[in-house]
Amino acid sequence: MSILIKNGRVITASEDYVADIYIENEKVHTIGTNLSMAADTVIDAQNKLVFPGGIDPHVHLDMPFMGTSSSDNYETGTRAALVGGTTMVIDFVLQTQGKSLYSALNEWRGRSDGNTLGDYSFHIAVTDFNEDTKAEIKDLIEKEGITSFKTFMAYKGALMIDDRQMVGLMNEVKKQGGMVTVHATNGDMIDFLVAKHKSEGKLSPLYHYLSQPEITESEASGRFADMAYHTGVAAYIVHMTCEGALNQIRDAAKRNQKVYAETCIQYLVIDASLYDKGFESAKWVMSPPLREKKDQESLWAGINQGSVQVVATDHCPFMWEQKKMGENDFSKIPNGHPAIEHRMELLFSEGVNKGRISLNKFVEVSSTNAAKIFGMFPQKGCIAVGSDADIVIFDPNEKHTISAKTHSMNVDYSAYEGWEINGKCKTVILRGKVAVDNSKVQVQKGYGRFIKRSKVKDVI
Ligand code: URP
Ligand code: ZN
Ligand code: ZN
């Protein structure tokens, strides 16, 4: 199987040039001008952008959560990801408290393996750190190629660990060469505010937002950074939403500490005014909640300053019927929103097209940095000879409108209904195979491959 892409404008995290790309046996074989290899498929990419397949390192597919399960499974979720130019995702295995990390991994493999269209990996969420789980970390890193360990500072009783466990985990993960990532919000403060609002009869989705003020995130982000500094572990904050949290890692940088930060597309493009719509606001009930315009400005600035390295989605979709579990109590609305399909196009349209970020920055935060931070570079995240041929051919001028009627995700509403987008993923190539051709998916479930990741290097 070989593909020749002709005359595309190739964009990487650092380059911008017109070239032909010849692909053979899943890999980029040659990059040059006027290439004349006889290929099985020739794609004319004149006037198109050609960039690395997107990597979304924060998704929740088929995940049991808050008494239900996220509505995209590994098949529908990775299919929608491919349609939107994302060729690889990193999903989360959640340990059940009292059980082992490996038992959770096996459970997740039972749902994912053989069912994905796109490539994938896992982070392991450690929800109960003890001597037994400590002993599993080395094998997970060295045998399974799972090198990142997620922690929750919120969701008490199910997922949250305390600071003592956090420090213990950080020490072990550092020793074994991995990374600790975090959902950084102060779970006790949030629980207090949730209980207060409920006791006052304040039960609408607005109070989900009002129960998680910015300080709950900035405090926990600073505490996490301090614990990471003390232990020296490689550290990454997921779904950062606000100026206060960003300033905590800017402060950490002053003592020469590196704390990686990921934001998600929703925190850049939509805001807390959406919590004024009565129960319809449940569509945007996620944790942390949407924030203010000033936070969006900070996050865009953080991206350009290099203090926010990744734009993910935290894709965690629920059908409207599932959202209605919290019709009379905001604390029962399953947290999460659908975005896996729209991340790349929204980031291009709202970011590049509106002059907020450069094309190179777009590639960096949607693909390259995730590959580097999570131990997959240069196999993933770049267009270079020898790299996996994961490539998006993108028409920057094609306009389209987002709608639940036309999206591929398994969810019956869109959080971006009616949004006008500038730019469309036309062809998506995954490991040398055309996976999407003019929005039509060409690969079957089972094509996606589990990608083993390497130990942490200080790469950015
Ligand atoms: O609301 C969210 N973010 N749902 C998914 C779980 C998490 O906290 O990432
Ligand atoms: Zn989270
Ligand atoms: Zn998440």
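This report covers the surroundings of ligand 1, an aromatic pair and some backbone features.

The model is predicted.

**Ligand 1 and its shell**

Ligand 1 sits in the largest cavity. Around ligand 1 are His58, His60, Phe65, Tyr155, His183, His239, Met286, Ser287, Asp314, Cys316, Asn335 and Gly336. By class, this shell has seven polar residues, four nonpolar ones and one charged one.

Which atoms of ligand 1 come close to polar protein atoms? A nitrogen atom of ligand 1 pairs with the side chain of Asp314, a nitrogen atom with the backbone of Asn335, and an oxygen atom with the side chain of His60. The table gives the distances.

| Residue | Part of the residue | Atom of ligand 1 | Distance |
|---|---|---|---|
| Asp314 | side chain, N or O atom | nitrogen | 2.5 Å |
| Asn335 | backbone, polar atom | nitrogen | 3.0 Å |
| His60 | side chain, polar atom | oxygen | 3.2 Å |

How much of ligand 1 does the protein bury? Taken alone, ligand 1 exposes 260 Å². The protein buries 99% of that.

**An aromatic pair in the shell**

The structure holds 14 aromatic pairs. One of them joins Phe65 and Tyr155 in an edge-to-face arrangement. The ring centres are 5.4 Å apart, and the planes stand at 85°. Phe65 belongs to strand E7 (residues 64–65), while Tyr155 is in the loop between strand E11 (148–152) and helix H5 (163–176), so the pair ties together parts 90 residues apart in sequence. Both Phe65 and Tyr155 are among the residues that surround ligand 1.

**Backbone features**

Met66 lies in the loop between E7 and strand E8 (68–69). Phi of Met66 is positive, near 50°, in a residue other than glycine.

Where do cis peptide bonds occur? One runs from Ser287 to Pro288, with omega near -10°. Ser287 is also part of the shell around ligand 1. Pro288 is in the loop between helix H10 (265–269) and helix H11 (293–305).

Another cis peptide bond joins Phe377 and Pro378, with omega about 5°. Pro378 is found in the loop between helix H14 (359–373) and strand E16 (391–401).

Methods:
Residues numbered from 1 in each chain as written. Chains lettered and ligands numbered in written order. Predicted model: local features only at pLDDT ≥ 70, side-chain atom pairs only at ≥ 80, totals over all residues. Heavy atoms only, no water. Near = heavy atom within 4 Å. Polar contact = N/O pair within 3.5 Å; in protein donor to acceptor, adjacent residues only side chain to side chain. Areas by Shrake-Rupley, 256 points an atom, 1.4 Å probe, with all protein chains shown as cover. 1 Å grid on protein atoms, 1.4 Å probe; cavity = no way out; pocket = protein on both sides within 12 Å on 5 of 7 lines; lining within 4 Å. Sits in = over half its atoms within 2 Å of the grid points. Nonpolar A, V, L, I, M, F, W, Y, C, P; charged D, E, K, R; others polar. Phe/Tyr/Trp six-rings, centres within 6.5 Å; stacked < 30°, edge-to-face > 60°. Helix = DSSP H or I, 4+ residues; strand = E, 2+ residues; numbered from the N terminus.
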